[in-house]
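Here are a few short exercises to work through with the model open beside you. Try each one yourself before reading its solution.

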Amino acid sequence: ISLRWSVIDGEFKGRKVYHKIKVLEQDPAKSNRAKAMLAAIDTNAGGALMRAGVQPDDMALNINLVNKPMVIKVAVWEINGKEGNWVTAVAPMVGTAPPATAPALDTNPVIPF
């Protein structure tokens with residue numbers, strides 16, 4: 001799942017953050033982390049995907065996740081002289097920021113994939 005976050009306020013207003021959530025990854029640990037991130041995003045967007053109990057299609061993702069403001073925490077990675085960013089946490093947009101450390105993600109979320 002490819003997401004594009006738009007920064008709507010603050011120092012980096014107008015910037016875009018791209019986020020790939022690989023829920024169908026072959027490595028079960030990576031897949032479970034991706035599903036946990038999707039579940040956290042869905043929860044902050046109202047939880048409709050999880051309530052549906054079926055694997056979401058593109059339409060369901062668009063209806064339930066697009067234009068749902070939330071707070072994200074972005075970290076920077078660096079490997080062999082290359083660097084990039086990644087989304088480490090999401091939180092509801094109710095005047096709170098994501099925690100200083102990434103929350104413990106459920107490593108075995110129940111998502112129908």
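**Exercise 1.** Is Met50 buried, partly exposed or exposed?

*Solution.* Start with the cut-offs: buried means under 20% relative accessible area, exposed over 50%, and partly exposed in between, with a 1.4 Å probe and protein chains only. Met50 has a relative accessible area of 34%, so Met50 is partly exposed. Next, place the residue: Met50 sits in helix α2 (residues 48–52). Helices here are DSSP runs of H or I with at least four residues, strands are E runs of at least two, and both are numbered from the N terminus. Finally, pick a partner: from Met50 to Leu38 the C-alpha to C-alpha distance is 9.5 Å, with their positions 12 residues apart in sequence.

Before going on, a word on the source: this is a predicted model, in which local features need pLDDT of at least 70, side-chain atom pairs count only at pLDDT 80 or more, and totals for chains, interfaces and linings use all residues. Residues are numbered from 1 along each chain as its sequence is written, and side-chain values use heavy atoms, leaving out hydrogens and water.

**Exercise 2.** In what pattern do helices and strands follow along the chain?

*Solution.* Count the elements to find 3 helices and 4 strands. Then read along the sequence: the pattern is β-β-α-α-α-β-β.

**Exercise 3.** Which residues have the most contacts inside the largest nonpolar core?

*Solution.* Define the core: buried Ala, Val, Leu, Ile, Met, Phe, Trp, Tyr and Cys residues joined through side-chain atoms within 4.5 Å. The largest one has 16 residues, and Trp5, Ile21, Ile41, Leu65 and Val90 have the most contacts inside it. Now map it to elements: β1 (2–6), α1 (28–44), α3 (58–65) and β4 (82–92) each give two or more residues. Helix α1 gives the most, with 4 residues. Last, zoom in on Ile41: leaving aside neighbours within four places in sequence, Ile41 is in contact (heavy atoms within 4.5 Å) with residues including Leu3, His19 and Met70.

**Exercise 4.** How many nonpolar, polar and charged residues are in the lining of the largest pocket?

*Solution.* Sort by class, with Ala, Val, Leu, Ile, Met, Phe, Trp, Tyr, Cys and Pro as nonpolar, Asp, Glu, Lys and Arg as charged, and the others, Gly among them, as polar. The lining has 18 nonpolar, 5 polar and 6 charged residues. A pocket is an open set of points on a 1 Å grid over the protein atoms alone, where a 1.4 Å probe fits, with protein on both sides within 12 Å along at least five of seven lines; lining residues have an atom within 4 Å of a point. β1, β2 (16–20), α3 and β3 (70–79) each supply at least two lining residues.
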